Amino acid sequence: MKALVSVKRVVDYNVRIQVKPDGSGVVTDGVKFSMNPFDEIAMEEAVRLKEKGKITEIIAVTIGGAKCEETLRTALAFGADRAVHVKEEGDIQPLTAAKALAAVFKKEGANLFLLGKQAIDDDANQTGQMVAALLDLPQATFASKVELEAAKVTVTREVDAGLETLELDLPAIVTTDLRLNEPRYLKLPDIMKAKKKPLEAISFESLGVTAAAGLKTAKVSAPPKRSKGVMVKTVDELVSALKAKGLV
Amino acid sequence: MSKILVIGEISDGKLNAGTAKVMAAATAIGGEVTIALLGADVAAAAEGASKLAGVSKVLKVERAENAHILAATFAPQIVELSKGYSHVLFPGTAFGKDIAPRVAAKLDVQQVSDIMAVHGASSFDRPTYAGNAILTVDAPAESTIVATVRLASFTAVAEGGSAAIEAASTSAVLPTHTRFVKLEAQKSERPDLQAANKVVSGGRALGSADAFKIIYSFADKLGAAVGASRAAVDSGYVPNDLQVGQTGKIIAPELYFAIGISGAIQHLAGIKDARTIVAINKDPEAPIFEIADYGLVGDLFSVVPEMESKV
């Protein structure tokens, strides 16, 4: 059984985001990038399924410019067997990404597609669902537990009411939530080994994909700041302040 | 003029409170608004939806297959219903986030996620980078606009309408490749976290599931909902549906207590729209104090019971 895992290169989650003064975007020069944390969880899950003998091959895929190769090398260090780099520059919006990923999934004949539920840069939370729609395949978003069998996968999902369990026929698309697993720390030998694993570069054109019409960003602005309030010394002071405002 | 289709969410047979907030976004866009409700029996929810101000029509889409909410079966029906509409709006909840992109992809349009402000029929603000950069985006006006609405950014429309309720049928052949197994819901008598006026949240500093009792007790005294930081959920102190933050629930209560929560960026993303934030933490350097309206440095295990006795 083959699993495809898509990984996105994003601004590291620890970076304090600065909006450019001219409103054209956020500052990315000299900023640390890493693999989208939700995609790390997807990678980790694929590797665990392979370690349990449920998956025979893991293919990592990304879409983006030359620097995204680093992210694929990270995926290979996690345990992907090989990687596919859909080399495209510029702003790639979810539907376009989904079209390319759906094409790769089909081309590879994979049975399971694991990816993060959202990327922490655009926070769109769309790509997995869109891949499922384009391929008319089952989807389970926000997974916190994945049990893979020969012809189906049972997924527990984090929904607003609690935990929901769905059963999906394979092939299927599963998007991963935070509590699915804790990704491992990469060891140096694995990082070294990853450098020798196969990495293939392809293009939208070779996949027969054209970019979908996109949303136009008119401007990017910083959110309104909450001002620092007052520090109170005692519970009495706090309670009377809240009472004065009619809050308690 | 815009023709807007709002996909209503149903929880426990009733219209979810979020739908009235999606209506506020629809009203800001302007035009004729229809609410569609999918389920096996949506009578009670339709009743609730028909009363919301600004609704022209409520569509009941009742099919046996709609007994459980599945993106794979809901999306083709919504695609069918969307014909002739300029906008299809979903609540920015787990329900809407699951289904909307599946609809957008079928309509071959990009989706606008988490509308937080409406500037025009096709111009919206949406948050990125955990709310640290706000994009103003223009969607192509010539195709259907599919969007989710960030509930914390809108105030629910009032009741007082009396829209017509109509039955609608869908002919889409529904896949059977996705099957509902079970829902483990956390039954609670407390107010719903996403709709509550007051929320008391606890963090890692509580130290155990047992210690969380003081949070529940204080919340009950205030009539507040209970929330938690990711750290508290990850540590197993409380169930996942209480998580507040970038990837949990985004809330906008009148009063928010952050107790023993340091204030990671991801948590702050979930509470930015709270009217008044009170932070209680033993670490005076905790980042939560940077955004709190009232901060108290102290041991939560003595502060919280004292507050409970004094409010």
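Is helix 1 of chain A largely enclosed by the rest of the structure or not, and how many of its 15 residues are buried? In this predicted model, 11 of the 15 residues of helix 1 of chain A are buried, so the helix is largely enclosed by the rest of the structure. The buried set consists of A:Phe38, A:Asp39, A:Glu40, A:Ile41, A:Ala42, A:Met43, A:Glu44, A:Glu45, A:Ala46, A:Val47 and A:Leu49. The helix covers residues 37-51; at 1.5 Å a residue it should span 21 Å, and its end C-alpha atoms are 21 Å apart, which agrees. Just after this helix, A:Gly53 adopts a positive phi of about 80 degrees.

**The sheet of chain B**

Chain B contains an open sheet of 7 strands in the order 7-11-6-1-4-5-12, with parallel pairing. Its edges are formed by strand 7 (111-115) and strand 12 (164-167), each of which pairs on one side only. On average, neighbouring strands of this sheet are turned by 25 degrees against each other, direction ignored.

Strand 6 of chain B (residues 87-91) has 5 of its 5 residues buried, so this strand is largely enclosed by the rest of the structure. B:His87, B:Leu89 and B:Pro91 point one way from the strand, while B:Val88 and B:Phe90 point the other way. On the side of strand 1, B:Val6 stands opposite B:Leu89. In strand 11, B:Val146 is the bridge partner of B:Val88. Strand 11 also pairs with the edge strand 7, where B:Ile115 has B:Val149 as its bridge partner. The table lists these three pairings.

| Strand pair (chain B) | Direction | Bridges |
|---|---|---|
| Strand 1 (residues 3-7) and strand 6 | parallel | 3 bridges |
| Strand 6 and strand 11 | parallel | 5 bridges |
| Strand 7 and strand 11 (residues 145-149) | parallel | 3 bridges |

**Domains and the contact between chains**

The domain assignment divides chain B into domain 1 (3-167) and domain 2 (198-310). The C-alpha centres of these domains lie 30 Å apart. Contact between them involves 5 residues of domain 1 and 9 residues of domain 2. The domain 1 side of this contact has 2 nonpolar, 2 polar and 1 charged residues.

Between the chains, 66 residues of chain B are in contact with 65 residues of chain A. The chain B side of this interface divides into 32 nonpolar, 16 polar and 18 charged residues. Strand pairing also links the two chains: strand 9 of chain A (residues 162-169) and strand 13 of chain B (residues 178-185) run antiparallel and are joined by 7 bridges. Within this pairing, A:Thr165 stands opposite B:Lys182.

**Backbone features in loops**

Most residues other than glycine have a negative phi, and most peptide bonds are trans. In chain A, a cis peptide bond joins A:Leu170 and A:Pro171, with omega about -5 degrees. A:Pro171 lies in the loop between strand 9 and strand 10 (172-176) of that chain.

In chain B, B:Tyr129 has a positive phi near 50 degrees, and B:Ala130 has a positive phi near 55 degrees. B:Tyr129 is found in the loop between strand 9 (123-128) and strand 10 (133-138) of chain B, and B:Ala130 lies in the loop between strand 9 and strand 10 of chain B. The threshold for a buried residue is 20 or more other C-beta atoms within 10 Å. B:Tyr129 is therefore buried, with 26 such atoms within 10 Å, and B:Ala130 is buried with 23.

Note on methods. Residues are numbered from 1 along each chain as its sequence is written. Chains are lettered from A and ligands numbered from 1 in the order in which they are written. This is a predicted model: local features need pLDDT of at least 70, side-chain atom pairs count only at pLDDT 80 or more; totals for chains, interfaces and linings use all residues. Helices (H or I, at least four residues) and strands (E, at least two) are DSSP runs, numbered from the N terminus. The expected span of a helix is 1.5 Å times one less than its number of residues. A residue is buried if 20 or more other C-beta atoms lie within 10 Å of its own, exposed if 12 or fewer, and partly exposed in between; C-beta atoms are placed from the backbone. Domain bounds come from an automatic or database domain assignment. Two residues are in contact if their C-beta atoms, placed from the backbone, lie within 7 Å. Ala, Val, Leu, Ile, Met, Phe, Trp, Tyr, Cys and Pro count as nonpolar, Asp, Glu, Lys and Arg as charged, and the others, Gly among them, as polar. Two strands pair if DSSP finds at least two bridges between them. Axes are lines fitted to C-alpha atoms, for helices over the stretch in contact, and angles run from 0 to 180 degrees between N-to-C directions.
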